[in-house]
Amino acid sequence: MTFDLEYNSERTLMIIPEYGRHIQKLVNHCVALETKEERNTMAKAIVDVMGNLQPHLRDVPDFKHKLWDQLFIMAKFNLDVDSPYPQPSKEELQEKPEPLAYPKSASRYRYYGNNIQTMIDVALSWDDGDMKEALVFTIANHMKKCYLNWNKDTVDDAVIFKHLFDLSDGKIDLRNSEEVLTESKNLLRKRNSQGQNHSKNNHKKPHHNKGRKRY
């Protein structure tokens, strides 16, 4: 007695491996059917089976549309059936997406991050007064903290005021201000204490139940 063993290395590559080889064989059989009526019936059955194999996609918008597109892809776009959706083209699926533009707002002083620029824009939209002044100095203190995290252990307030002036396009000018920001040592103390607390939480010893018998 002899057995005809079929090895994966000798089989053709599956177009969408997630559905398995049996679904691919069903698709190939559907393409080979002679009448369009038979192909329509089998194509709908295959789509239903594909949907059962991917239950986590049922909440995805256009779930059925996605399944029909995948059916045509596995059929190498040679399946002549009446689809409820427009049949995709091979060229459309192989088209490369447009490259994403790098955010221009991060081009200057990147160590402050985009959130600082957003906060500055919000401050500029406020009317002059105590609230705006408090927000501006809050932003300046946060910039100082970001600068210390990125650069070194100390920084002159004049440097922060200069950067704030540049990021606001000259609309927020504290360069001649007599106000003083939070001292660097206090910001660094907060940073170090936060880091130590995080380290302690990550290295807590597991609790063992004393007096518990083990067998």
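Q: Where does W126 sit in this predicted model?
A: Let's start with a tryptophan that lies between two helices. Helix α5 covers residues 114–125, and α6 follows later in the chain. W126 is placed in the loop between α5 and α6.

Q: Is W126 buried, partly exposed or exposed?
A: Buried means under 20% relative accessible area and exposed means over 50%. W126 has 35% relative accessibility, so it counts as partly exposed.

Q: Which residues make the nonpolar surface patch of about 300 Å²?
A: W126 is one of the residues in this patch. The patch of about 300 Å² is made by V122, W126 and M131.

Q: Which helix holds E133, a member of a negative surface patch?
A: E133 joins D130, E178 and E179 in forming a negative surface patch. At 43% relative accessibility, E133 is partly exposed. Its place is in residues 130–150, which is helix α6.

Q: How far apart in sequence are the parts tied together by K36 and D80?
A: Side chains of opposite charge can pair when their charged atoms come close. K36 and D80 form a salt bridge, with their closest N and O atoms 3.7 Å apart. K36 lies in helix α2 and D80 in the loop between α3 and α4, so the pair ties together parts separated in sequence by 44 residues.

Q: Which residues are joined into one network by salt bridges that share partners?
A: K36 also forms a salt bridge with D82, at 3.0 Å between the closest N and O atoms. Salt bridges that share partners make one network of K36, R39, D80 and D82.

Terms used: Residues numbered from 1 in each chain as written. Predicted model: local features only at pLDDT ≥ 70, side-chain atom pairs only at ≥ 80, totals over all residues. Heavy atoms only, no water. Patch = residues over 30% accessible without salt bridge, like charges linked within 9 Å, V, L, I, M, F, W, Y side chains within 5 Å. Areas by Shrake-Rupley, 256 points an atom, 1.4 Å probe, with all protein chains shown as cover. Salt bridge = Lys/Arg side-chain N within 4 Å of Asp/Glu carboxyl O. Lys, Arg positive; Asp, Glu negative; His and termini not counted. Charge placed at Lys NZ, Arg CZ, Asp CG, Glu CD. Helix = DSSP H or I, 4+ residues; strand = E, 2+ residues; numbered from the N terminus. Buried < 20%, exposed > 50% of the residue type's maximum accessible area, 1.4 Å probe, protein only.
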